[in-house]
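Please open the structure in a viewer and keep the selection tool at hand. The tour proceeds by stops, each with something to select.

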Amino acid sequence: MGSLLQSRQYLLILLCFFVFLWESRTAESRTLYYKWEVKSELKSPDCFKKLTLTINGRSPGPTIYAHQGDTVIVELKNSFVTENVAIHWHGIRQIGTPWSDGTEGVTQCPVLPGETFKYQFVVDRPGTYLYHAHYGMQREDGLYGSIVVWLPEGQTEPFAYDHDRNLILTDWYHKSSHEHSAGLAAAGSAFTWVGEPDSLLIQGRGRFNCSLLGASATCNSSSPDCVLYPITVVPGRTYRLRVSSLTSLSALSFQIEGHTMTVVEADGHYVEPFQVSNLFIYSGETYSVLIKADQNPSRNYWITTNVVSRNSTTPLGLAIFNYYPNHQRKFPPTTPPAGPAWNAVAPRLAQSHAIKARQGFIHPPPKAADKVIVLLNTQNTVNGRRRWSLNNVSFNMPHTPYLIALKNNLLHTFSQAKPPTGYDFKNYNIFVPPPNPEATVSDAIYRLDFNSTVDIILQNANMMALNTSETHPWHLHGHDFWVLGYGEGKFDMFKDPSKYNLVNPIMKNTVPLHPFGWTALRFVADNPGVWAFHCHIDAHFFMGMGVVFEEGIEKVQKLPTSIMGCGESKRFIRP
């Protein structure tokens, strides 16, 4: 009897040991390999046929799914005939791998046609992230996708849900990004603004009214490419919906007919939950919302997006919130909800103020900054060309990427002037067009002390036309920042800092600058490398609305030669 008991105890110990080994194995970080090929292909995402930039034949491209701590390796083959390419991993901080940030002109040379480039990086935080082209204005032609990073196995989120879904919101033009960039770069009367998008897409699908074009072979409303995207739900269950925006121009409102949403995550950080009937979302932002399928299950419901902050002619974006077992293509019996008015600023500001870090997951910011940089956002001209400027300086990329130039002491390849850290606060009137519309162009960068705390004050102002000020979503590469506050009117450097939220500010990588207002950010310059900070509207960055920060360049390891080959970095490539 004693021997049998001992045998059972031994088997139990052995079983526990194997369970421990299995759990340890599954909790280990993994290496995930992806092989991607980018091409130009004719697609009809809104029923209108145009050349679309695809990854493995798809737009949006494949979603990357990973666990926190995993290493992601993407082998990217450029099969474009004449175009270069680079892909940015939006929201991934690239700690220890700044050369994989994917920003052409800043961290790498572009990938040439016919060549293959390997991106390798660690996804160090759970959350919802993105990837997209960062060469020229290619993003607006369809080269983008999602990154979903889960917690390590065995860990749980601070909120409960039954299923996880993912949506990317975009706007869509029938003209190509080449046509747009040529118009934006033209001088004088030849300058052509990109105009309002032709459609809004939800997960790469939308509906353009083909009848507006008459009999046209390029627009087919029965194309399978433009069947409205369905999200199928089971009545009574709760869904985590990851909602991201990669619009090239538009700020959006997102809503699901008859359903409220609880915001729980923003840019990979947990949010103190709050409910909304619609979600305002700006290009480069990601959110997670919880939705319960608690409405009449005998029908489907509309998902819609609409443009805000611009008096746009773009029709609603449409998708189907499909209650099982209704057919996925069964249209709801109602008119799609139009969403809030485009010029209602107060609710957009209210949502910005409502986003706070969740209790139990607060990362307190440093109490004070070592350096303050105020960036006045203005529209200007430079030598007859329309530009966007910061403190009257419009940004241009150098021919040799900054990371390569700084690491190899090629300082003559870009300006060594110190960019301005402010403007004439006392006398500049942000409510009228610039008194001196002529700006200068520079490729100078901000050199930050490593581990210093930096405050950025984004100040919006009137554009060239009277009584106009646009929303600008600003994105920082290589970092998350604390959002200290928003305000209306001109930032007061003596009074407004006392209003900063230093108790539970949310951390983000993308944030809106509202019309005629200001946004205050704080970050620690603790990630060795060179990082872009720019407006995430494609046309605005193309026209000079950005800056670059360098920090701890001496701590960056030896650069891979694969990122070289353009400008003066050609000398480092051995045949």
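The stops below cover two pockets, two cores and two single residues.

This is a predicted model, in which local features need pLDDT of at least 70 and side-chain atom pairs count only at pLDDT 80 or more, while totals for chains, interfaces and linings use all residues. Residues are numbered from 1 along each chain as its sequence is written, and side-chain values use heavy atoms, with hydrogens and water left out.

**The largest pocket**

Select Glu 104, Tyr 135, Gly 136, Met 397 and Phe 542, which lie nearest the centre of the largest pocket, among its 28 lining residues. A pocket is an open set of points on a 1 Å grid over the protein atoms alone, where a 1.4 Å probe fits, with protein on both sides within 12 Å along at least five of seven lines; lining residues have an atom within 4 Å of a point. The space in this pocket is about 710 Å³, a volume being the space filled by probe spheres set on the points, which are joined across faces, edges and corners.

Next, colour strand E7 (127–133), helix H2 (177–185), strand E31 and helix H5 (538–542), each of which supplies at least two lining residues. Helices (H or I, at least four residues) and strands (E, at least two) are DSSP runs, numbered from the N terminus.

**Cys 535**

Stay with strand E31 (residues 529–535) and select Cys 535 within it. Cys 535 is buried, with a relative accessible area of 1%; buried means under 20% (1.4 Å probe, protein chains only). Beyond its neighbours within four places in sequence, Cys 535 is in contact (heavy atoms within 4.5 Å) with residues including His 472, Trp 474 and Phe 541.

**The second largest pocket**

Move to Ser 59, Pro 60, Gln 203, Gly 204 and Arg 205, which lie nearest the centre of the second largest pocket, lined by 25 residues. Strand E9 (163–172) and strand E11 (230–233) each give two or more residues to that lining. The volume here is about 460 Å³.

**The cores**

Select Phe 254, Ile 456, Phe 533 and Phe 549, which touch the most other members of the largest nonpolar core, a set of 66 residues. A nonpolar core consists of buried Ala, Val, Leu, Ile, Met, Phe, Trp, Tyr and Cys residues joined through side-chain atoms within 4.5 Å. Apart from this core lies another, of 50 residues, among them Phe 121 and Phe 541.

**Ser 452**

Finish at Ser 452, in the loop between strand E24 (446–448) and strand E25 (453–459). Ser 452 is buried, with a relative accessible area of 10%.
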